[in-house]
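Q: I'd like to learn how to read a structure like this at the bench. Can we walk through it feature by feature?

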Amino acid sequence: MRRTKWKAASRAALALAGAGALAAGMALFATAPASAGTTLGASAAEKGRYFGTAVAGFKLSDSAYTTILNREFNMVTAENEMKIDATEPQQNQFSYGAADQIVNHARSRGMSVRGHTLAWHSQQPGWMQNMSGTALRQAMLNHVTQVATHFRGQVVAWDVVNEAFADGSSGARRDSNLQRTGNDWIEAAFRAADAADPNAKLCYNDYNTDNWTHAKTQAVYNMVRDFKSRGVPIDCVGFQSHFNNDSPYVSNYRTTLSSFAALGVDVQITELDIQGASATTYRSVVEDCLAVARCNGITVWGIRDSDSWRASQTPLLFNSNGSKKPAYDAVLAALNNGTTPPTTAPPTTVPPTTAPPTTAPPTTAPPTTAPPTTTPPGQGGCTATVTVNQWTGGFVANVRVTAGSSALNGWTVTIGLPSGATVTNAWSANRSGNTGTTNWTNVAYNGQVGAGQSTEFGFQANGTAGSLSPTCAAG
Ligand code: G3I
């Protein structure tokens, strides 16, 4: 059973990140729209999301690199340093130095960390490549347990399993030594990760899963639906989104994100790069994420083109000399102009076990805005609305938090649950209490909400929701 969700970096880190986002927002109040931000991370935070990048540990001594990293991003993924070959080079001899360096760099500057990756057919150390059967299964589970335990409390999300499905039209699992240990290896890995770090979000991560019509996308979707129906502890799906001429961005990408989200998982864009870095395509990707309430954030796979695993395709947001490309401007503009719609785009398929929501979507009118310079952040208050999806014996509640006439720098929502209702599972908020009066506070990435803007969290519970009346307080 998953417990707390999205437990992010420390409160100190939250304060740092919040201060950065807030400062950016406030500095612009006099000259620009209230929601405008000047960096990717701050602007994403204003939309209740993060903006991250892959970091190569050996580049942390490059000041041009760290200047951009520290200024622009609020989420970090180790590009190679948390992989199996790096963390367990010899069986049962764990090596965390390079990964710890990245984690410390990030967290000491208020950035959160995504873990990548615990179980993968690739980048296995030699000893693991040569194993099979029960011995490999046990070695894999031990690796998941040890590494997730080491980073417990430091990593907000794990790519527990990476790239386990085959390309092409088969919709089959990828053949690998791990797959040959039995089809249940993926769920076994998730259960081990859950036991080791109950607070991290546990994600399945893959590439070529962006096009909703592709067999691989459908195969992953079916696995996630199956996991959710059987209680396998999965919280999120990562879409690597390496777009290139052979595997281009497609307009049904938003449908893909919203359809997965409708299964009851968060979705994250985890390794974004786009051959040629079309500003239009980058903007579309950002708009698609903003349109899906459970799209938590976007990570680009490197900072400058010269940092990319596909450098010759110049797929990133910064030139090799560190200057911003048109794609950067497009992403920042999309983050600043984008609004979160009241509901996610309708999925093209409906999870089989869920009934239609028993309450209408939130109808909160846009708040009237006071001049931002005269109302200190948080003092404009907030409202909360709830949408309930009830079935016999349980329900899912999605709660929308909307800032009033000034930006929020943290929020608390109180929800009274009827007798017999018990929260079993939650996401995108910290929780106090699981029966009766429950209190919910923001996590690191969704505490800063621009005036009139919204963010969401949710929970699953046993029992009957009845009529829920959430209240919201700033701070
Ligand atoms: O560090 C060694 C160096 O000592 C040696 O001289 C050199 C010679 O080849 O290799 C260096 O290691 C390379 C490493 O990147 C660090 O640069 C490896 O060969 C190379 O294979 C490795 O590539 C990484 C690749 O994953 C391996 O699968 C890329 O950096 C990394 O960006 C890429 O990331 C993956 C994600 O994990 C999963 N999704 C796809 C994505 C792109 O392939």
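**Strands, ligand and odd backbone spots**

A: Let's start with a covered strand: in β3, nine of its nine residues are buried, and the strand is mostly covered. Keep in mind throughout that this is a predicted model.

Q: Which strands does β3 pair with, and how do I read a pairing in the first place?
A: The general idea is that strands of a sheet pair through backbone hydrogen bonds, either parallel or antiparallel. Here, strand β2 (residues 75–78) pairs with β3 in the parallel sense, over three bridges. Strand β3 (residues 112–120) also pairs with β4, again in the parallel sense, over five bridges.

Q: Which residues can I click on to see those pairings?
A: For β2 and β3, go to Thr77, whose bridge partner in β3 is Arg114. For β3 and β4, try His116, which has Asp159 as its bridge partner in β4. Another spot is Trp120, which stands opposite Asn162 in β4.

Q: Is β4 enclosed or open?
A: Count its buried residues, where buried means under 20% relative accessible area. In strand β4 (residues 157–162), six of the six residues are buried, so the strand is largely enclosed by the rest of the structure. β4 also pairs with strand β5 (residues 201–206), in the parallel sense and over five bridges.

Q: What does Asn162 do in that picture?
A: Asn162 sits in strand β4 and is buried, with a relative accessible area of 1%. It stands opposite Asn205 in β5, and the side chains of Asn162 and Asn205 are joined by a polar contact of 2.9 Å.

Q: Now the ligand. Which residues come nearest to it?
A: A good habit is to list the shell, then look at single atom pairs. There are 13 residues around the ligand, and Glu79, Lys83, His116, Glu163 and Glu271 come nearest. Sorted by class, the shell holds three nonpolar, six polar and four charged residues.

Q: Which side chains have polar atoms by the ligand's oxygen atoms?
A: Glu79 is one of them: a polar atom of its side chain is 2.5 Å from a ligand oxygen. For Asn80, a side-chain N or O atom lies 2.9 Å from an oxygen atom of the ligand. Trp301 likewise has a side-chain N or O atom 2.9 Å from a ligand oxygen. As for cover, the ligand on its own has 780 Å² of accessible area, and the protein covers 46% of that.

Q: How far apart are Trp309 and Glu79, in sequence and in space?
A: Sequence distance and spatial distance are separate readings, and this pair shows it nicely. Trp309 and Glu79 are 230 residues apart in sequence, while their C-alpha atoms are 9.7 Å apart in space. Trp309 is in the loop between β9 (295–300) and α12 (326–337), and this tryptophan is partly exposed, with a relative accessible area of 45%.

Q: What should I look for in the backbone itself?
A: Check omega and phi. The peptide bond from His116 to Thr117 is cis, with omega near 0°, and Thr117 belongs to strand β3. His116 is also among the residues that come nearest to the ligand.

Q: Which residues have a positive phi without being glycine?
A: Glu163 is one, with phi of about 55°. Find Glu163 in the loop between β4 and α8 (185–196); it is buried, at 11% relative accessible area. Asn208 is another residue other than glycine with a positive phi, near 55°. Asn208 lies in the loop between β5 and α9 (215–230) and is partly exposed, with a relative accessible area of 26%.

Q: Last one: how do I read an antiparallel sheet, and which strands stand at its edges?
A: Write down the strand order, then look at the two ends. Four strands form an open sheet here, in the order β15-β16-β13-β19, with antiparallel pairing. β15 (430–432) and β19 (471–474) stand at the edges, each with a single partner strand, so one side of each has no neighbour in the sheet. Neighbouring strands in this sheet are turned by 20° against each other on average, ignoring direction.

Q: Where can I see the pairing of β19?
A: Strand β13 (residues 411–416) pairs with β19 in the antiparallel sense over four bridges. Click on Trp411, which stands opposite Ala474 in β19.

Definitions and conventions
Residues are numbered from 1 along each chain as its sequence is written. This is a predicted model: local features need pLDDT of at least 70, side-chain atom pairs count only at pLDDT 80 or more; totals for chains, interfaces and linings use all residues. Side-chain values use heavy atoms; hydrogens and water are left out. A residue is near a molecule or strand if one of its heavy atoms lies within 4 Å of it. A polar contact is a pair of N or O atoms within 3.5 Å; within protein, one must be able to donate a hydrogen and the other to accept it, and residues adjacent in sequence count only if both atoms are side-chain atoms. Accessible areas come from the Shrake-Rupley method with a 1.4 Å probe; for residues, only the protein chains shown count as cover. Ala, Val, Leu, Ile, Met, Phe, Trp, Tyr, Cys and Pro count as nonpolar, Asp, Glu, Lys and Arg as charged, and the others, Gly among them, as polar. Two strands pair if DSSP finds at least two bridges between them. Axes are lines fitted to C-alpha atoms, for helices over the stretch in contact, and angles run from 0 to 180 degrees between N-to-C directions. Buried means under 20% relative accessible area, exposed over 50%, partly exposed in between (1.4 Å probe, protein chains only).
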